[in-house]
Amino acid sequence: MRTTVSEVMTVDPIAVVPDAGYKQIAALMARQRISAVPVVDDSGAPIGVVSEADLLARVRDPRPALFAGHHAKDESRKAKALLARDLMTAPVVTIEAGASLAAAAIRLARKDVRRLFVVEDAKLVGVVSRRDLLSTFRRPDEEIRGEIERDILAGTLWVAPGQASVTVADGVVTLLGRLDNRGAVERAGALSSEVPGVVDVRNRLDFVWDDDVIRPASLGI
């Protein structure tokens with residue numbers, strides 16, 4: 001049920017090798033209309049990324065003082081760099097292809113980056129951006145409702161027709177009805193929240209019996 005990064009990422013992203021030259025990288029990024037390009041080693045593993053900001057260090061032409069901080073020295077190094085290995089920012093921020101969209105969103109926020117490079121078996125397989133993570137919220141409400149009714153209520157929980165209802169408005173799911181037990185109610189809510197395009201779940205399902213309660217009689221007391 002859970003949407004993974006592999007489902008929304010751009011596959012087979014353009015990459016360069018460490019020996020790629022400044023003009024080659026600049027021309028590639030302009031031609032492909034991309035703002036950054038990953039640098040990969042011989043095995044296909046991402047080892048860094050060259051962004052527009054890295055290339056523009058040459059234009060800014062920084063001249064740090066003798067006791068300048070790390071950032072200023074890094075800027076000076078990039079201003080003189082001719083190859084990707086010297087231009088790139090490392091380490092590159094990556095995420096596994098099987099990671100959830102929530103995990104990707106958290107990583108983007110914590111690292112304060114625009115994109116994550118997606119890896120599988122340590123090799124670059126895609127790139128996922130902030131915009132990609134939002135793409136699932138374009139799903140129509142009716143499509144979301146149909147998936148919950150078909151795959152969760154009927155297919156997973158074996159809820160009989162008419163026992164529960166699903167409404168979806170602007171991605172907000174409302175579950176109404178009465179299921180056999182509390183566990184089924186909780187699963188219905190949890191599984192619905194993982195459906196692509198769901199913004200929130202209002203679980204108003206009731207239950208016949210509480211299977212979370214262990215009564216003394218059941219223990220022979």
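**Exercise 1.** Determine which residue forms a salt bridge with Arg145, and where the two residues lie.

*Solution.* Take the criterion as the starting point: a salt bridge is a side-chain nitrogen of Lys or Arg within 4 Å of a carboxyl oxygen of Asp or Glu. In this predicted model, local features need pLDDT of at least 70 and side-chain atom pairs count only at pLDDT 80 or more, whereas totals for chains, interfaces and linings use all residues. Residues are numbered from 1 along each chain as its sequence is written, and side-chain values use heavy atoms, with hydrogens and water left out. Arg145 meets the criterion with Glu149, the closest N and O atoms being 2.9 Å apart. Next, locate the partners: both belong to helix α9, four residues apart, about one turn of the helix, where helices (H or I, at least four residues) and strands (E, at least two) are DSSP runs, numbered from the N terminus. Finally, consider accessibility, for which buried means under 20% relative accessible area, exposed over 50%, and partly exposed in between (1.4 Å probe, protein chains only). Arg145, with 24%, is partly exposed, and Glu149, with 31%, is partly exposed as well.

**Exercise 2.** Establish how many salt bridges the rule yields, and describe the pair formed by Arg85 and Asp19.

*Solution.* The count comes to nine salt bridges. In the pair of Arg85 with Asp19, the closest N and O atoms are 2.5 Å apart. This pair links distant parts of the chain, since Arg85 is in helix α6 (residues 84-87) and Asp19 in the loop between β1 (10-11) and α2 (22-32), 66 residues apart. Arg85 is partly exposed at 41% relative accessible area, whereas Asp19 is exposed at 52%. A further salt bridge joins Arg150 to Asp151, with 3.1 Å between the closest N and O atoms; Asp151 is partly exposed at 28% relative accessibility. Arg139, Glu143 and Glu147, in turn, are linked in a network of salt bridges.

**Exercise 3.** Identify the ring over which the charged end of Arg58 sits.

*Solution.* The test requires NZ of Lys or CZ of Arg to be within 6 Å of the ring centre and within 35 degrees of the ring normal. The charged end of Arg58 sits over the ring of Tyr22, 5.0 Å from its centre.

**Exercise 4.** Locate Phe137 in the chain and classify its exposure.

*Solution.* Phe137 is found in the loop between α8 (130-134) and α9 (141-154). With a relative accessible area of 44%, Phe137 is partly exposed.
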